Amino acid sequence: MHTTGLSLLATGLALALAGCAGPGPGPGAGMHAHGPGPGMGGGGAGMGAGMGMGPGRMAMASLGPTQGNAVRGLVVFHQMADGQVMVYARVSGLKPNGEHGFHIHEKGDCASTDGTSAGGHFNPDGKPHGPQGAAHHAGDMPSLKADANGMADQKFTLSAGPTVAAGAGSVVGRSVIVHANPDDYATQPTGNAGGRLACGVIAGH
């Protein structure tokens, strides 16, 4: 998708979340140059609908494919009043009916062709890698689960670590990575999730 298409998608999402994110820069400001890909241009309003978001801060990452891959999408982070962060991800180009590791990485850098410039998992507290119900990195998130068309459309909350607001746990200025394999939530420190299919820098909005 061209940058114009991404701007339209972000604008639709911003309208859907009107009154939730508070004042801030325009919907396209600071977003990664890669767009969410074919078939996603009308998803902005749908992403915001039914998210149940209250007042708080918002950040977005536009996922672009690493070399030789076709994964694209948009990930929204929203700081909730109870301290949790709600995440909404809409990602295309995945393995049909496949599962893919999905993490926040420490560096806001998607310049490398293989995504390694994003560094390791975001882990400001020095915890082991793991699932949400146990000790885990601040950047550990539930895996993406694609449908028969290779599309993942998921919403979940993160607690005990990541924030959108400024601070040591802030996800703003980090990056989001989609991996080739499922996360086993046991292998240290990566979950054995394999190569990096897509990368996107997280920008505050």
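Which residue in β2 is the bridge partner of S62? L74 is that partner. The structure is a predicted model, and this report centres on strand β1.

**Confidence**

The protein chain has a mean pLDDT of 75. Of its residues, 67% reach 70 or more. Confidence peaks in β1, at a mean of 96. Helix α2, residues 44-48, has the lowest value, a mean of 40. Over residues 1-55 the pLDDT stays under 50. The model still has 109 contacts beyond four places in sequence for residues 1-55.

**Burial of β1**

Strand β1 covers residues 58-65. Eight of its eight residues are buried. Side chains in a regular strand alternate between the two faces of the sheet. Both faces of β1 are covered. M58, M60, S62 and G64 are buried on one side. A59, A61, L63 and P65 are buried on the other.

**Pairing of β1**

β1 pairs with two strands, β2 and β9.

| Pair | Partner strand | Sense | Bridges |
|---|---|---|---|
| β1 and β2 | residues 72-79 | antiparallel | six bridges |
| β1 and β9 | residues 196-204 | antiparallel | five bridges |

Single bridges can be named in each pair. S62 of β1 meets L74 in β2. P65 has A198 as its bridge partner in β9. S62 and P65 are both buried, on opposite sides of β1.

**The β1 and β2 hairpin**

β1 and β2 form a hairpin with six residues between the strands. In this hairpin, G68 takes a positive phi near 85°.

Methods:
Residues numbered from 1 in each chain as written. Predicted model: local features only at pLDDT ≥ 70, side-chain atom pairs only at ≥ 80, totals over all residues. Heavy atoms only, no water. Buried < 20%, exposed > 50% of the residue type's maximum accessible area, 1.4 Å probe, protein only. Helix = DSSP H or I, 4+ residues; strand = E, 2+ residues; numbered from the N terminus. Pairing = 2+ DSSP bridges. pLDDT = per-residue confidence, 0-100. Contact = heavy atoms within 4.5 Å.
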